[in-house]
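This report describes how the parts of one protein chain are arranged. Please keep the sequence and the structure in view while reading.

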Amino acid sequence: MNKKLYIPLILFLGLAVAFFVQLQRNAQGDDPKALESVLIGKTVPNKSLTDLFTDKQYDNSLFKQGKPLLVNVWATWCPTCYAEHQFLNELHKQGINIIGIDYKDKTDKAIKWLKDLGNPYQVVIKDEKGSFGLDLGVYGAPETFIVDGNGIIHYRHTGDVNERVWKEKLQPIYQKLSEQK
């Protein structure tokens with residue numbers, strides 16, 4: 001019998017095993033959309049950062065406030081960012097510390113956006129060329145990082161922050177870090 005006839009069968013069985021393994025991972029609660037970050041457990045990259053409104057310069061000590069914070073990467077060209085913006089305003093009203101990174105955007109558009117929709121951020125960093133986003137490993141906007149009071153990244157969330165995401169994923173980590181002071 002011709003051995004070439006077995007090649008499709010072997011390929012099919014290999015794919016079946018791969019799909020089965022992935023299904024098992026999903027059944028165990030692994031999020032197939034989660035993107036790993038090599039920065040988990042490391043400090044926010046040190047880079048010269050510029051304030052969107054004042055052109056004031058910061059370094060990564062901005063992220064070492066002694067209390068946890070969210071670092072939210074957003075842009076005016078991002079429809080999902082628009083969808084999450086109102087919830088970020090709610091989090092700000094609840095006293096959640098948020099630093100915004102305006103990613104690959106025009107300064108004048110970003111300022112108008114924040115004036116029109118409200119500004120939930122303590123500080124907004126402009127990242128017109130996306131170089132700081134690249135240092136963070138950002139794939140696109142929106143992405144949100146949870147950073148502890150010492151500037152160490154603990155979690156990365158891709159996609160919008162909404163009530164469900166906040167309650168199920170982000171809030172438990174944020175609260176745990178708040179209690180560790």
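## Helices on the sheet

In this predicted model, helix 2, made of residues 79–93, lies across strand 3 (69–74), strand 4 and strand 6 (143–147). The direction of helix 2 makes an angle of about 160 degrees with strand 3.

Helix 3, residues 107–117, also packs on the sheet, where it touches strand 3, strand 4 and strand 5. The angle between the directions of helix 3 and strand 3 is about 125 degrees.

## The order of the strands

The sheet is open and consists of seven strands with mixed pairing, arranged in the order 2-1-5-4-3-6-7. Strand 2 (57–58) and strand 7 (153–158) are at the edges; each has a single partner strand, so one side of each lacks a neighbour in the sheet.

Within the sheet, strand 4 (residues 98–103) and strand 5 (residues 123–127) run parallel and are joined by five bridges. Asp 102 has Lys 126, in strand 5, as its bridge partner.

## The disulfide

A disulfide is a covalent bond between the sulfur atoms of two cysteines. The count for this model is one disulfide, and it links Cys 78 with Cys 81, with an S to S distance of 2.5 Å. The torsion about this S-S bond is about 85 degrees, so the disulfide is right-handed.

Are these two cysteines buried or exposed? Residues under 20% relative accessible area are counted as buried. Cys 78 has a value of 4% and is therefore buried; Cys 81, at 2%, is buried as well.

Notes:
Residues numbered from 1 in each chain as written. Predicted model: local features only at pLDDT ≥ 70, side-chain atom pairs only at ≥ 80, totals over all residues. Heavy atoms only, no water. Pairing = 2+ DSSP bridges. Helix = DSSP H or I, 4+ residues; strand = E, 2+ residues; numbered from the N terminus. Contact = heavy atoms within 4.5 Å. Axes fitted to C-alpha atoms, helices over the stretch in contact; angles between N-to-C directions. Disulfide = S-S within 2.5 Å. Buried < 20%, exposed > 50% of the residue type's maximum accessible area, 1.4 Å probe, protein only.
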